Amino acid sequence: METTTLDPLADPRRTWRIPDDRRLPVLEHHADDVRRLPAVTVRETLWDTPDRALAFAGIELLRAEPDDDAPAADGWSVDRGRGPTPVDGPRDRPPRDPVERVLRGRTLEVVRIRQTTTTLLRAHGRDGRLHAELADVRVDEGDPGTTMLRSARWWALTDDGAPSSVLRAIERAVTEAADDDGRGPDDPVPTLAPVRRPAPTDASGRCEDERVPHYLEDLAAGQTFTTPGRTITEADVVSFASWTNDNNQVHTDVEFASRTRYGRRIVHGMLGASLCVGLIARTGVFEGSAVALLGIDQWRFTAPVFIGDTVTCQVEVLSTRLTSSGTTGIVERMVTLRNQHDEVVQHGRMDVMVLTRAAAIA
């Protein structure tokens with residue numbers, strides 16, 4: 001996807017490779033506001049001859065698979081070491097013209113599958129200025145018909161051209177994680193520009209469409225997700241009372257409830273907590289990546305919810321960690337339910353187990 005975020009910076013000027021056995025840098029310590037945008041994934045096939053003529057010539061002929069979430073990535077491209085350049089050609093067969101001199105009549109076939117996932121992080125200073133963008137790029141490759149076997153992770157840094165303490169701190173953190181001094185654009189590293197960016201954001205910098213699965217690698221402490229709203233109806237309360245057999249008069253008896261401290265019926269507390277689970281599912285962030293809800297802890301009911309209230313839910317990621325299996329991780333989440341007046345009515349922990357991206361691909 002080649003669409004741009006709000007006020008994007010230029011193409012990356014430095015890249016680092018971070019080995020899989022190293023911890024990724026925590027950038028939240030170095031900037032006043034770090035925003036992690038939803039990941040963009042593009043799956044590509046790489047074409048070559050049986051004797052790898054294009055590979056030996058340093059040329060990659062690529063075909064991005066059609067994807068509704070990344071329509072701009074769909075199509076043929078040729079990469080001669082400076083990044084992929086789109087080329088015209090029939091969708092049902094690879095174009096030969098851009099590489100004809102190397103092919104010399106050889107047949108073409110798919111030799112590798114590549115899946116590239118880019119997560120964009122934006123570091124803002126106390127003044128609200130965007131100091132730097134980092135592209136967290138995960139590349140998984142394998143032979144056709146097999147599980148992705150080889151992987152690499154790259155970080156690409158772009159800054160606003162003005163030296164700052166935020167930028168210097170981020171450069172140090174990434175360099176320490178990569179165990180090198182950073183590479184310039186002319187060094188032999190993957191060309192990551194233009195960085196594949198998520199859909200345009202609104203004025204707050206929040207992505208308009210977060211409805212993509214987030215795996216363990218896409219989640220980090222400090223991320224927040226806000227759900228759509230939901231108006232609680234009479235039917236919701238009657239249905240919940242029926243199937244839970246919780247027919248307490250404060251929920252079901254209008255006359256009785258009129259004489260209570262609230263003067264009207266209140267919504268079941270656990271109905272509010274249940275709505276949080278459903279509202280979170282509507283974001284799509286954990287849809288397809290969640291393995292299990294691990295528990296509801298320290299849940300508090302801080303204000304009553306009434307029939308006719310419209311509630312929204314905010315999820316904040318507190319921490320993430322990989323499990324011993326290596327295929328799943330634990331995501332600690334603080335969940336907050338608010339009404340239409342932005343008043344917190346319920347909050348607490350809802351931790352979840354999620355898949356890693358490699359496990360989901362397999």
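## Starting from a buried cysteine

Let's begin inside: Cys276 is buried, with a relative accessible area of 0%. Keep in mind as you look around that this is a predicted model. The closest cysteine to Cys276, going by sulfur atoms, is Cys313, and the two sulfurs sit 3.8 Å apart. A disulfide would need them within 2.5 Å, so this pair is too far apart for a bond. Seen from the other side, Cys313 is in no disulfide either, and the nearest cysteine sulfur to it is that of Cys276. Cys313 also counts as buried, at 1% relative accessibility. Across the whole structure, the disulfide count is 0.

Now follow Cys276 out into its helix. It is one of the buried residues of helix 7, along with Leu271, Gly272, Ala273, Leu275, Leu279, Ile280 and Thr283. Helix 7 covers residues 269-283, which makes 15 residues. From first C-alpha to last it reaches 22 Å, close to the 21 Å expected at 1.5 Å a residue. Right after the helix comes Gly284, which has a positive phi, near 80°.

What does helix 7 pack into? The largest nonpolar core has 29 residues, and Ile232 and Val335 have the most contacts inside it. Several elements chip in at least two residues each: helix 4 (234-244), helix 7, strand 13 (310-322), strand 14 (328-338) and strand 15 (344-355). Helix 7 gives the most, with 6 residues.

Val335 is a handy place to see how things come together. Leaving aside residues up to four places away in sequence, Val335 touches both cysteines from the opening, Cys276 and Cys313. Its other partners on that list are Ile280, Trp299, Gln314, Val315, Gln346, His347, Gly348 and Met350. There is also a second, separate core, this one of 17 residues, with Ala123, Trp155, Val166 and Ala177 among them.

Finally, step back to the full chain. It has 8 helices and 15 strands. Of its 362 residues, 46% count as buried. Contacts over long stretches of sequence are well represented: among those between residues at least 6 apart, 68% join residues at least 24 apart. On the outside, the chain exposes about 18200 Å², and carbon and sulfur atoms supply 49% of that area.

Methods:
Residues numbered from 1 in each chain as written. Predicted model: local features only at pLDDT ≥ 70, side-chain atom pairs only at ≥ 80, totals over all residues. Heavy atoms only, no water. Buried < 20%, exposed > 50% of the residue type's maximum accessible area, 1.4 Å probe, protein only. Helix = DSSP H or I, 4+ residues; strand = E, 2+ residues; numbered from the N terminus. Contact = heavy atoms within 4.5 Å. Areas by Shrake-Rupley, 256 points an atom, 1.4 Å probe, with all protein chains shown as cover. Expected span 1.5 Å × (residues − 1). Core = buried A, V, L, I, M, F, W, Y, C linked by side-chain atoms within 4.5 Å.
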